[in-house]
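Here's a friendly walk through one protein model. Have a look at the sequence and the 3D view, then read on.

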Amino acid sequence: MSKKGDKWIKHTHVFETTEDPYAMKEAPAGEAICPRCKAVFKDKRWVIDEDLYEELKEVDTVPQLICPGCKKAIEQYAMGYLYISGGFWESHRGDIMKLLNNEYERARNINPLHQIININEEDGTTVIETTTDHLAQRLGRALYRAYKGDLEFRWSKGDKLVRVYWHRDK
């Protein structure tokens, strides 16, 4: 547990095993594009480059591949979960979702494999499922920086799956 200001952030490791079966086993020899999210595979990584995507989509020799982030989203394979709850959430839902969406867009510009799979309601708690553990952590930290509250991280064994809990009463 670590202290941040007058609040405690709890870090817990839970022993579950996960591996990423969607990681690319072999990279394309050159460039490729993802027709679903419009990411470009360039220099051995996926990037967001709208101009390059528009240029490459017209080239017949450039393969169109579904990127690992989109495969996870399509098959709903989450590696991160953000649980949001409390009275403050209920009364500030619009502002909080705007903040989370902005943070999500910033994360996607850095790594297009960061994607939100689903947003669900479960017993008064909103659950955001993400394709990467890093995105769930990033969203939780942005929420905490902006609105304080209680923030808790629970990682699986090997740190490949994370559950992030944010709660704030009024």
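Is Asp 51 buried or exposed? Asp 51 is exposed, because its relative accessible area is 65%. Here, buried means under 20% relative accessible area, exposed means over 50%, and partly exposed is in between (1.4 Å probe, protein chains only).

## Before we go on

This is a predicted model, so local features need pLDDT of at least 70 and side-chain atom pairs count only at pLDDT 80 or more, while totals for chains, interfaces and linings use all residues. Residues are numbered from 1 along each chain as its sequence is written, and side-chain values use heavy atoms, with hydrogens and water left out.

## A negative patch

Asp 51 sits in helix 1, which covers residues 50-56. Helices (H or I, at least four residues) and strands (E, at least two) are DSSP runs, numbered from the N terminus.

Asp 51 also belongs to a surface patch of negative charge, together with Glu 31, Asp 43, Glu 50 and Glu 55. Patch members have over 30% relative accessible area and no salt bridge; like charges are joined within 9 Å, and nonpolar side chains (Val, Leu, Ile, Met, Phe, Trp, Tyr) within 5 Å. Asp and Glu count as negative, Lys and Arg as positive, and His and the chain ends are not counted.

## Salt bridges around helix 4

Side chains of opposite charge can pair when their charged atoms come close. The structure holds six salt bridges, each one a side-chain nitrogen of Lys or Arg within 4 Å of a carboxyl oxygen of Asp or Glu.

Which residues does Arg 93 pair with? One partner is Glu 90, with the closest N and O atoms 3.1 Å apart; another is Glu 121, at 2.9 Å from N to O. Arg 93 lies in helix 4 (residues 93-110) and Glu 121 in strand 7 (residues 116-122), so this pair ties together parts that are 28 residues apart in sequence. Arg 93 is partly exposed at 28%, as are Glu 90 at 44% and Glu 121 at 48%.

Helix 4 also has a pair made by Glu 103 and Arg 106, whose closest N and O atoms are 2.7 Å apart. These two are three residues apart in the helix, so about one helical turn separates them. Glu 103 is buried, with a relative accessible area of 6%, whereas Arg 106 is partly exposed at 42%. Back at Arg 93, shared partners join Glu 90, Arg 93 and Glu 121 into one network of salt bridges.

## Helix 5

How far apart are the end C-alpha atoms of helix 5? They are 21 Å apart, which agrees with the span expected for the 15 residues of this helix (residues 133-147) at 1.5 Å a residue. That expected span is 1.5 Å times one less than the number of residues.

Buried residues of helix 5 include Leu 135, Ala 136, Leu 139 and Tyr 144. Gln 137, also in helix 5, counts as buried because its relative accessibility is 9%. Gln 137 and Arg 163 are 26 residues apart in sequence, and their C-alpha atoms are 8.3 Å apart in space.

## Positive phi values

Most residues other than glycine have a negative phi. Lys 148, just after helix 5, takes a positive phi of about 60°.

Lys 44 has a positive phi of about 65° too, although it is not a glycine. Lys 44 lies in the loop between strand 4 (40-42) and strand 5 (45-47) and is exposed at 74% relative accessibility. Gln 76 has a positive phi near 55°, and its place is in the loop between helix 2 (68-74) and strand 6 (80-85).

How values were computed. Accessible areas come from the Shrake-Rupley method with a 1.4 Å probe; for residues, only the protein chains shown count as cover. The place of a charge is taken as NZ of Lys, CZ of Arg, CG of Asp or CD of Glu.
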